Amino acid sequence: MSELSRRDFLKLTRNGFLYLSGALALGGLLRFLDYEPNPAPKTEFDLGPASNYPLNSRTVLSEPPAVLLHTGSGFSALSLVCTHLGCTLENSTQGFACPCHGSRFDADGNVTHGPADVPQQSLRVEVTEEGNLKLFTA
Amino acid sequence: MKKTLTIAAGILLLTLAFVWWLELGPSQPVELIPTLTGQPEYCLTCHADVPEIGPSHPTETFGCVTCHGGERLALDADLAHSTMRGGANPSDLSVVEQSCGGTSCHSGSEVDDRHHVQRVMTSMQSTYAGAIASIRFTFGAQTGLTPHSGVNAVTDDRTQTGITSLSAFDPLSETNPSIQKFGENCLTCHINATPREGEDYARQTGCAACHSTQQHTFTTAIPYTQCNACHNRGNYDLRTMTFIERTDHPTQRIDNYYQPIAQFTQCEYTLDCVDCHTREEVMGDGDLHASKKDIQYVQCKTCHGTLTELPKTKTLTDPSDIAFTLAFLNPVVDLELGDTILVTEKGEPLWNTRVLSDGTYELIGKANSQYFTFKPVMGSGCTQSGEDQSSAYCHQCHQAEH
């Protein structure tokens with residue numbers, strides 16, 4: 001077996017470096033192409049069949065934080081995001097209460113006690129042709 | 001030539017390997033979109049283990065950047081932290097307006113008395129104006145005790161005390177060496193001063209000095225130990241104008257005060273400071289004052305009354321009464337409409353007290369939720385005159401033995 005000449009050793013080393021560099025560059029490219037940005041926050045929510053929400057019911061939803069109302073005039077919804085600083089409101093005996101800063105709202109979403117000074121946001125609710133409810137937060 | 005090419009190929013490989021190593025961090029940042037801002041933040045990628053600061057500031061609502069500043073999308077620690085406010089303490093008074101202020105938060109609104117930032121900036125805890133004036137007067141730098149300077153410059157456009165502004169106290173502009181030493185050695189404890197170096201002192205300014213009882217915690221249930229962090233560290237040597245750190249290690253609370261000769265009644269070494277001292281006394285009333293004596297007014301008689309007068313009380317009839325807000329923020333007591341509580345001489349609610357049906361009173365500890373009952377002086381065997389009600393007089397009979 002013949003000894004590796006200096007010239008061949010340099011060639012072998014150089015080629016090794018170049019192949020490894022190519023592999024790293026390709027790997028980096030694949031990693032970059034594989035990157036998935038976070039999806040935009042949802043603004044449309046499927047709430048399932050409208051028949052799940054009987055007349056005169058008030059249903060607290062967790063995703064999105066909202067309360068779905070079914071009255072004689074149809075479906076409507078109130079956001080449970082406090083209009084003061086955005087904490088999630090909780091049910092209370094008189095309506096809704098903010099666990100962070102103590103704002104209180106009546107059952108219709110009107111402010112009864114600050115620091116919030118804006119009523120709860122009304123959210124759009126639609127009944128699809130299939131009879132499902134869709135809630136829109138924007 | 002071949003040798004040069006091989007070296008170049010080696011450098012290329014090393015460079016690419018270095019870039020890979022740099023990029024080996026979290027491949028997918030942890031995103032949080034706080035409800036308040038709606039803007040993504042990647043802080044939790046590295047700081048997921050930081051506990052929530054308290055129920056009034058939930059992370060999912062506030063995120064991190066609202067209070068701390070910083071580059072919300074940066075994944076490099078140095079870049080992410082490069083624009084943080086106040087370092088470990090965004091409530092430092094040099095940045096508190098940006099971190100904690102705003103009409104929906106803690107400044108600019110007098111609704112529910114929420115202009116906390118303005119009140120604190122003019123408070124004695126922040127200005128130290130009385131002591132500065134006293135030292136300057138003592139050493140001949142000013143002719144009276146009216147304060148002209150504070151730890152930092154501050155103005156009071158709606159003064160009720162006649163003091164409209166204070167300039168920043170500058171020890172270097174003083175000619176008397178004792179005043180200079182006072183400036184160098186005796187101002188680091190105040191909440192508007194530059195804190196001493198070190199992690200232990202990082203949160204001893206601004207709101208955190210009182211409200212942050214543990215790392216990344218904010219509370220109104222402030223134990224006496226938090227007050228002692230400043231008010232129990234030692235004493236001034238007025239001869240050398242140096243602060244002498246205490247070296248003893250008291251084992252009983254009654255000994256755990258920095259004035260060895262001080263006298264205490266049972267209240268003073270059993271309750272927490274905030275059980276009696278009010279928010280106006282501690283955080284200021286919005287006015288610049290000349291002395292601590294002008295703002296600290298709660299005395300024994302505030303809760304106990306005198307021989308001829310019962311303490312002031314108030315029956316809560318307005319759901320918007322600030323007593324409910326204070327009780328909401330520190331729910332040690334379930335305050336309800338119709339409850340009768342004690343109020344101070346200035347009308348501040350002592351919302352953690354109740355008047356009981358038998359004419360005695362109940363106090364619930366704000367920091368430890370303990371119940372204490374106490375009686376009015378009226379009808380007791382006390383012979384103290386109604387005029388002499390400072391604590392020194394009460395201590396004459398009621399001091400506890402050390």
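Which residue of β10(B) does Val355(B) stand opposite? In this predicted model, the residue facing Val355(B) is Tyr361(B), and following that pair outward is a convenient way to enter the structure.

The strand β9(B) is joined to β10, which covers residues 361-364 of chain B, by three bridges, and the two run antiparallel to each other. They belong to an open sheet of three strands in chain B, arranged in the order β9-β10-β11 with antiparallel pairing. In chain B, β9 (353-355) and β11 (371-374) each have a single partner strand and stand at the edges, so one side of each is left without a neighbour in the sheet. From one strand to the next, the twist averages 20°.

Stepping back to chain B as a whole, the domain assignment divides it into domain 1 (2-84), domain 2 (111-275) and domain 3 (297-396). Between domain 1 and domain 2 of chain B, the C-alpha centres are 38 Å apart, and contact between these two domains involves five residues of domain 1 and four residues of domain 2. On the side of domain 1 of chain B that touches domain 2 of chain B, three residues are nonpolar, two are polar and none is charged.

The last part of the picture is the meeting of the two chains, where 26 residues of chain A are in contact with 27 residues of chain B. Helix α1 of chain A, spanning residues 6-34, supplies 12 residues, the largest share of the side of chain A that touches chain B. Sorted by class, that side of chain A consists of 13 nonpolar, 10 polar and three charged residues.

Definitions and conventions. Residues numbered from 1 in each chain as written. Chains lettered and ligands numbered in written order. Predicted model: local features only at pLDDT ≥ 70, side-chain atom pairs only at ≥ 80, totals over all residues. Pairing = 2+ DSSP bridges. Helix = DSSP H or I, 4+ residues; strand = E, 2+ residues; numbered from the N terminus. Axes fitted to C-alpha atoms, helices over the stretch in contact; angles between N-to-C directions. Contact = placed C-beta atoms within 7 Å. Nonpolar A, V, L, I, M, F, W, Y, C, P; charged D, E, K, R; others polar. Domains from an automatic or database assignment.
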